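Welcome, and please open your viewer. We will take a short walk through one protein chain, stop by stop, with something to select at each stop.

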Amino acid sequence: MVSSPHEALHRIFRMDPGLFARLLPRAGIGFPEHTAIEPLDTDLTEIRPLERRVDSVFRVRVPGEESGFVLAVESQGKPDPDKHNSWTYYLAHMYAKYRLPPFLLVVCKDKATAAWASEPIRVGRAFHTSMVVFPLVLGPGILPVITEPDEAARDLGVAVFSALAYASDPGLTAILDALASGVADDAGKSGPGDVDRVDWAEIVEIGLGEGPGRDYWRHLMATYTPNFPGSNSIVEESWLEGKAEGKAETVLRILEVRGVEIPDFVRERVTACADLDVLGTWIDRSLSVVRAEELFVEE
């Protein structure tokens, strides 16, 4: 699973490769009809002392062709002139290695970086240009904002990427509200792609990074109430598990603050309990019991 906001912004395509074809047209970038999109090795090292790795690489197979093309994805957090050297190298190396047309897609989380990444990279001098690289770019100001729950639910992959792209936007709470509703509705998968909703919820949390946006998302997920209680959906199970863990921690925390000793068997029984009603009773009792064992009186 992803471990950082930088990784989340490009690994989202490895989770759902078909997202390219659904997301790029929203930014006015045409994407050809295809039969498959396959992740490739990201190691573009040619000379041993110089190691270069692109964030993600995909081979896109096009109907009626044996070849297709190669798509490199780079997650960029801020303008960095040194990246121009790396990106031209990536494209030249992939063209030589795969003998396929290469394209570069840069994904960003702020407008300044997206604008910088959109500029053509010209290699040469005033008297002659040897090469020009035209990056494709996805980021705030290029993609539309998704604030309607129905739209978010129709394609969670698109909605998740949009939320990560607008992670620094002042209207992020409205974006996350719509996304939370989309993640919460029904069970299993959502729309195109084959990614569990619980996995989408996790990549949003990691992709937002530390800060108020992530805190707000955690709050939304913690306070979510299933629309169809008793349906045993994946989202409901995850929600129940999270609520139970939270209540169990509350019971133990109250006892600790009050200075009540907690034997190991009490701690184990409380943390293992998944019944929200029972845990609610234990929370009430934790406020007044003298010994931790009294939580279980009359049980």
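Helices and strands here are runs assigned by DSSP and numbered from the N terminus, a helix having at least four residues and a strand at least two. With that in hand, remember that what you see is a predicted model.

**Start with the whole chain.** Colour by secondary structure and you can look for 12 helices and 7 strands. Of the 299 residues in the chain, 44% are buried. Now think about contacts between residues with a separation of 6 or more: 63% of these join residues 24 or more positions apart.

**Stop one: Glu 74.** Select strand β3, residues 69-76, and pick out Glu 74 within this strand. Is Glu 74 buried or exposed? Its relative accessible area is 1%, so Glu 74 counts as buried. Next, show its side chain and look for its partners. The Glu 74 side chain reaches the backbone nitrogen of Asp 55 at 2.8 Å. A polar contact of 3.0 Å also links the side chain of Glu 74 to that of Lys 83. If you leave aside neighbours within four places in sequence, the residues in contact with Glu 74 include Arg 53, Trp 87, Tyr 90 and Leu 104.

**Stop two: the second largest pocket.** Keep Leu 104 selected, as this residue is also part of the lining of the second largest pocket. Add Leu 91, Ala 92, Tyr 95, Pro 102, Phe 103, Met 131, Val 132, Val 133, Phe 134 and Leu 136 to see the rest of the lining. Three elements each give two or more residues to this lining: α3 (82-98), β4 (102-108) and β6 (128-133). The volume of the pocket is about 190 Å³. Which classes of residue make up the lining? There are 11 nonpolar residues, with no polar and no charged ones.

**Stop three: the loop beside you.** Between α3 and β4 there is a loop, and Arg 99 is found in it. Arg 99 has a relative accessibility of 69%, so this residue counts as exposed. Check its backbone too: phi is near 55 degrees, a positive value in a residue other than glycine.

**Stop four: the largest nonpolar core.** This core has 48 residues. Select Phe 13, Phe 20, Leu 105, Leu 138, Phe 161, Leu 179 and Trp 217, which touch the most other members. Helix α6, residues 156-165, supplies the largest share of the core, with 8 residues. Zoom in on Leu 138: beyond residues up to four places away in sequence, its contacts include Phe 13, Leu 23, Ala 27, Cys 108 and Phe 161. Another core of 19 residues lies apart from this one, and Leu 255, Leu 279, Ile 283 and Phe 296 are among its members.

**Stop five: two arginines.** First go to helix α2, residues 19-23, and select Arg 22. With a relative accessible area of 17%, Arg 22 is buried, because buried means under 20%. Its side chain makes a polar contact of 2.6 Å with the side chain of Asp 16.

Then move to Arg 291, in the segment after α12 (276-286). Arg 291 is partly exposed, with a relative accessible area of 47%. For a last look, add Val 260: the two residues are 31 residues apart along the chain, yet their C-alpha atoms are separated by 6.3 Å.

Key: Residues are numbered from 1 along each chain as its sequence is written. This is a predicted model: local features need pLDDT of at least 70, side-chain atom pairs count only at pLDDT 80 or more; totals for chains, interfaces and linings use all residues. Side-chain values use heavy atoms; hydrogens and water are left out. On a 1 Å grid over the protein atoms alone, a cavity is a set of points where a 1.4 Å probe fits but cannot get out, and a pocket is an open set with protein on both sides within 12 Å along at least five of seven lines; lining residues have an atom within 4 Å of a point. Grid points are joined across faces, edges and corners, and a volume is the space filled by probe spheres set on the points. Ala, Val, Leu, Ile, Met, Phe, Trp, Tyr, Cys and Pro count as nonpolar, Asp, Glu, Lys and Arg as charged, and the others, Gly among them, as polar. Buried means under 20% relative accessible area, exposed over 50%, partly exposed in between (1.4 Å probe, protein chains only). A polar contact is a pair of N or O atoms within 3.5 Å; within protein, one must be able to donate a hydrogen and the other to accept it, and residues adjacent in sequence count only if both atoms are side-chain atoms. Contact means heavy atoms within 4.5 Å. A nonpolar core is a set of buried Ala, Val, Leu, Ile, Met, Phe, Trp, Tyr and Cys residues joined through side-chain atoms within 4.5 Å.
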